[in-house]
Amino acid sequence: MVASLQLSSGSFRPKFQSKSISRLSSTRLATIRFSAAISRKRYSITLLPGDGIGPEVISVAKEVLKLAGSLEGMEFGFQEMPVGGCALDLTGVPLPEETLSAAKQSDAVLLGAIGGYKWDNNEKHLKPETGLLQLRSGLKVFANLRPVSVLPQSADPYPFKMLGDASTLKKEVVEGVDLMVVRELTGGIYFGKPRGFSRMENGEEIGFNTELYATYEIDRIARFGFDIARKQRGKLCSVDKGNDLEAEWNASMLWRKRVTAMATEYPDIELSHMFVDNAAMQLVHNPKQFDTIVTSNIFGDILSGAASMIPGSVGMLPSASLGESGPGLFGPVHGSAPDIAGEDKANPLATILSAAMLLRYGLGEANAATRIETAVMVTLDRGFRTKDISALGTKLVGCKEMGEEVLKAVFSQVPDIAAAAAL
């Protein structure tokens, strides 16, 4: 049954042809073969292209992931499965059991995008986005990492130093921003019960949701936040809303109580607390003050969305969703953008950077992840831009060409064969 649902790359999406790889020099190809011969690690990756521009950006990211992995002695087995709107069209449900089973059995999952106008009027259980919630729940991923950086921040000789010109905020405000939003993903108001619709005594209809957190949910995401802060610059800001929002009072007060208590286990981490309205203001006023932010599901959703404008486009923001065990879920923060689907206008960098997060956080392959991250910085340094981040003096490229340039930059990091042989 899984095989019957597996997506055909030829019929489902435009094939991404790598001209860069076809032009590799024989010496460098020999280097790759040499490194591959030393040791070969094999990983199973489930690809979920999804809807809209999802298949386009996944196609590009897959090629980058394959090349970076091959240079570090890795092989990937890829399996494409339907989710979201395309799954609804194929099977009648947004997350087929076969897709979830394939995802659970893999080492990591790379997601494109979900949703589109076509399914907007579906009932809730038949909306593409319901499939994403079910996928997160099925994989038991509770920690969502969303890095926000103004790239590139590399050295000479390249002329395009920063991506700050693409931001609507002042250049001096965004230059040098490097923060991580750690969002709790499977609790809070999106999952709390009771929720639904009812009527008041006068007959007026009401809708209601419940913000609900158990101590174990807060403790595990808080610990995740502290651990990430330790790998960053040692500062953790916990965001809640315990001051004047009655509906949030109890959940936020418990949140602050538990995070504060856990701080005693991390004496090397500087902990601060901030109300969510102030945090939203500070993200656009002085984002460089933040290192790591840990917060609830709904606040993390909102704050990371606002933070997407710091680098100039949501097309630059990757994400990783992790649990205590099992495969992680990786993918861009952006949506399916059905208005530009199939037009080669999508920015694939968020998905490429998500592939880097897959390597770093999902597989523990930091060297390969660094190859991709460096390649993205070099590509931007050289002035290549998709439409959403274009600026005066830069070269406008499409999704495929941006992928080609990143591939070139990944491959440019290959040492000559003599150096490889000496290692």
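A nonpolar core is a set of buried Ala, Val, Leu, Ile, Met, Phe, Trp, Tyr and Cys residues joined through side-chain atoms within 4.5 Å. In the predicted model considered here, the largest nonpolar core has 69 residues, and those with the most contacts inside this core are Leu145, Phe224, Leu349, Ile352 and Leu359. When residues up to four places away in sequence are not counted, Phe224 touches Phe142, Ala143, Leu145, Val182 and Leu322, and Leu145 is thus named both as a partner of Phe224 and among the residues with the most contacts inside the core. Apart from the largest core lies another, of 20 residues, which includes Val181, Leu283, Phe290 and Ile293. In soluble globular proteins, nonpolar side chains tend to be buried together.

The packing of helices was examined next. Two packed helices are described by the angle between their axes and the distance between the axes. Helix α7, which spans residues 97–105, and helix α8, which spans residues 128–139, have axes that come within 10 Å and cross at roughly 40°. Angles of 35 to 65 degrees fall outside the parallel and perpendicular ranges, so that α7 and α8 count as oblique to each other. The crossing of α7 and α8 is right-handed, and in the contact Leu100, Ala103 and Lys104 of α7 meet Leu135, Gly138 and Leu139 of α8. Sorted by class, the residues of this contact comprise four nonpolar, one polar and one charged.

A second pair is formed by helix α15 (residues 366–381) and helix α16 (residues 399–411), which pack at an angle of about 120° with their axes 8 Å apart. These two helices, α15 and α16, are therefore likewise oblique to each other, and their crossing is right-handed. On the side of α15 the contact involves Arg371, Ala375, Val376, Val378 and Thr379, which meet Met402, Glu405, Val406, Ala409 and Val410 of α16. The contact of α15 with α16 has seven nonpolar residues, together with one polar and two charged residues.

Finally, the surroundings of a single residue were considered. Ser252 lies in helix α11, which covers residues 246–262. The relative accessible area of Ser252 is 2%, and because a residue counts as buried when this value is under 20%, Ser252 is classed as buried. With residues up to four places away in sequence again left out, Ser252 touches Asp240, Lys241, Gly242 and Phe299.

Notes
Residues numbered from 1 in each chain as written. Predicted model: local features only at pLDDT ≥ 70, side-chain atom pairs only at ≥ 80, totals over all residues. Heavy atoms only, no water. Axes fitted to C-alpha atoms, helices over the stretch in contact; angles between N-to-C directions. Helix = DSSP H or I, 4+ residues; strand = E, 2+ residues; numbered from the N terminus. Parallel < 35°, antiparallel > 145°, perpendicular 65-115°, else oblique. Left-handed = near helix turned anticlockwise from the far one by under 90°. Contact = heavy atoms within 4.5 Å. Nonpolar A, V, L, I, M, F, W, Y, C, P; charged D, E, K, R; others polar. Buried < 20%, exposed > 50% of the residue type's maximum accessible area, 1.4 Å probe, protein only.
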